[in-house]
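Colleague: Could you walk me through reading a ligand site and a chain interface? I'd like to take it step by step.

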Amino acid sequence: MARTSLPARERSLLPTDAPLSLLTKTGEPVVDPELVMPDDDVLLELHRRMVVGRRFDTQATALTRQGRLAVYPSSRGQEACEVGSVLALREQDWLFPTYRDSVALVTRGVPAVETLTLLQGGWHNGYDPHEHRVAPQCTPLATNTLHAVGLAHAAKLKGEDTVALVLVGDGATSEGDTHEALNFAAVWQAPVVFLVQNNGYAISVPMSKQNVAPSLAHKGVGYGVPSVLVDGNDPAALYAVVRDAVRVAAEGGGPTLIEAITYRVEAHTNADDATRYRDADEVAAWLDRDPVDRIEAYLTARGLLDDARRATVAAEAEAYAASVREVMNADVEVDPAELFEHVYAEPTRQLREQAALLAEELA
Amino acid sequence: MSTLSMSGALNMALADALEADERVLVFGEDVGPLGGVFRITDGLAARFGDRRVFDTPLAESGIVGTAIGMAMNGMRPVVEMQFDAFAYPAFEQITSHLAKMRNRTRGKVEVPVVIRIPYGGGIGGVEHHCDSSEAYYTHTSGLRVVTPGTPQDGYDLLRDAIDSPDPVIFLEPKRRYWSKGEVVADQRRTGFDRALIRRPGEDVTLIAYGPMVATALETAEAAKEEGWDVEVVDLRSLSPFDDETVCGSVRRTGRAVVVHEAAGFGGYGAEVVARVTERCFHHLHAPVLRVTGFDIPYPPPKLEEHFLPGVDRILDTIGRLQWDDEVRGA
Ligand SMILES: Cc1ncc(C[n+]2csc(CCOP(=O)(O)OP(=O)(O)O)c2C)c(N)n1
Ligand SMILES: [Mg+2]
């Protein structure tokens, strides 16, 4: 695995003025003394997973139109973050995602049907968090930051080599929990990595109304958390900075705050109308900075990605989408009796009475 | 057996739990070297080290939120909120995550966290230090809510809470911290979610919990002069609720009064009255009445005596239970 060098500046608290990057928007390599280009096999894997992830994302949006999903928050345009961050994790590490991060989940290996259970409406969460080391997707904004810090601190107390990576949005950085979590993580030197996906909007509210600091990464400074600003549409750079932050955390170097500048190409969810608050020109400019195109251009120019491999990856993505359609088109089996099962370790007498009442009603 | 204050019993329970299970961690504001503002964690940091008993940054959501993460990683955190009203910053973590994690994950993730909260008035505290916030928690499915009325229950319920696989809101009646009683360690006789009949009686059931248990017992003594034989039920576990013990008592006495410090409107007592009425209607000689705090913010120290339910107000209320309709004790 490629490792970045660790010059003194990187562990200084301040982020760089310009986002770190390894690829220009047209896929030319950038020489950055602070980052090392990931190995070719990593880049090819990033590409493959981003293509598959994007196909999953469009499939999920389509499923909302067919009434198979109640709602879907798309991460189209944010694939470098969704995929790059997850591939930078080790198996023993934990991921603390939000509602936006379904692509990160499937990249982590959570089966699609279990990832989409929440949005399909069969239950609040469909997978075993311990099996995948992925916390339930978190909707109350920024609350997951504290869970990540707690889990990481416990790992440290137990002498476990585990790092927690928590994903939050730009809007969520205004929530108190983000700030408490940064401070707790710093005081405890917890092995945790904060990745802020700054996609420009919190539903309709733009960055300008959310923050006037020079960057969101600057928010780590006041807490003593080293902070990094990275081009969030650059999969190579994203992978490199997260990988580095994970390594530092695992080596006892404490938390890192990473702000990735990216863009939410779709509306907040399929139920939102983004034309009410942003211009088509703005979207077009960001489409021009597409993360998948970028890595494709680089790999093609390097001779690592030819038409045959491109076709193989596309076919894999199509096959995956077809399998997602198939599992999601099956009717969800729900059991009303289960409503009472997981409230307490043992259902209380009152819950058993209520379960009997409902069973009678359904008999 | 030893004679201990409730604070001493709570301290012993924490020490015994830390001793018994290395997954147990105690943390919060000032709980380390100081031993907590009420000294409940006195000596624990020195004895168990600052890896297991430690001060955190001053942020309640942070304390509960990180406790959840630690529990996800196999720990059994016991955290302290310094006072009732200062637990409110943690409300989102408690209601949206702590209470729901098991349910959301279909039982896959347990978060056995205990949140200790000194609550209630009667100590001349200034504003924000005297709230009775139990109803906020009892209204939240997934939480257990317990409150001791005696030093022995301080020990027993806290050990049970720490052993419980469910998250527990542990409400400590701060005005009773210094009340003394006999305490036997490691001999938990009453079930975690059972109420206890503290004093048997024939004529009326006084239902109380936490700080009002002592007041109810005092009232029962005073009621003898009026010729009323009062049974006192200490709920101990506010959620889940022990219908069996409470209703068993009310069916025998035929009359009941619920007492709590918290404001009455939408309060915990309303639930108790409803449950008792639904289940014991044909045994009741009078409507079930409540003696509660008024529907006002907790008053300033010089006025709190007018707010807190006391012996006289409870006796007056017992007097309104339609005794004239029958020969007393018949
Ligand atoms: C505590 C809380 N407040 C409000 C909401 C409603 N809400 C859901 S998503 C969202 C915007 C979040 O924006 P951001 O953090 O930038 O993440 P993004 O959706 O852009 O990924 C809001 C306001 C919520 N889920 N939680
Ligand atoms: Mg956003």
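Colleague: Which ligand 1 atom does a backbone N or O atom of L141(A) lie close to, and at what distance in Å?

Modeller: Happy to help, and please remember that this is a predicted model. A polar contact is a pair of N or O atoms within 3.5 Å. Here, a nitrogen atom of ligand 1 lies 3.2 Å from a backbone N or O atom of L141(A). An oxygen atom of the ligand is 2.9 Å from a polar backbone atom of A172(A), and N199(A) places a polar side-chain atom 2.9 Å from an oxygen atom of ligand 1. Taken alone, ligand 1 exposes 580 Å², and the protein buries 74% of that.

Colleague: Where does ligand 1 lie, and which residues come nearest?

Modeller: Ligand 1 lies between chains A and B, in the space that forms the second largest pocket. There are 16 residues around the ligand, and Y99(A), R100(A), T139(A), G171(A) and Y201(A) come nearest. By character, the shell divides into seven nonpolar, five polar and four charged residues.

Colleague: And the interface: how much area do chain B and chain A bury between them?

Modeller: The general idea is that the size of an interface is often given as the accessible area lost when the parts come together. For this pair, about 3600 Å² is buried between chain B and chain A, 59% of it on carbon and sulfur atoms. In chain B, the residues losing the most area to chain A are N73(B), R104(B) and R106(B), together 19% of what that side buries. The contact takes 42 residues from chain A and 46 residues from chain B.

Terms used: Residues numbered from 1 in each chain as written. Chains lettered and ligands numbered in written order. Predicted model: local features only at pLDDT ≥ 70, side-chain atom pairs only at ≥ 80, totals over all residues. Heavy atoms only, no water. Near = heavy atom within 4 Å. Polar contact = N/O pair within 3.5 Å; in protein donor to acceptor, adjacent residues only side chain to side chain. Areas by Shrake-Rupley, 256 points an atom, 1.4 Å probe, with all protein chains shown as cover. 1 Å grid on protein atoms, 1.4 Å probe; cavity = no way out; pocket = protein on both sides within 12 Å on 5 of 7 lines; lining within 4 Å. Sits in = over half its atoms within 2 Å of the grid points. Nonpolar A, V, L, I, M, F, W, Y, C, P; charged D, E, K, R; others polar. Contact = heavy atoms within 4.5 Å. Buried area = accessible area lost by both parts, 1.4 Å probe.
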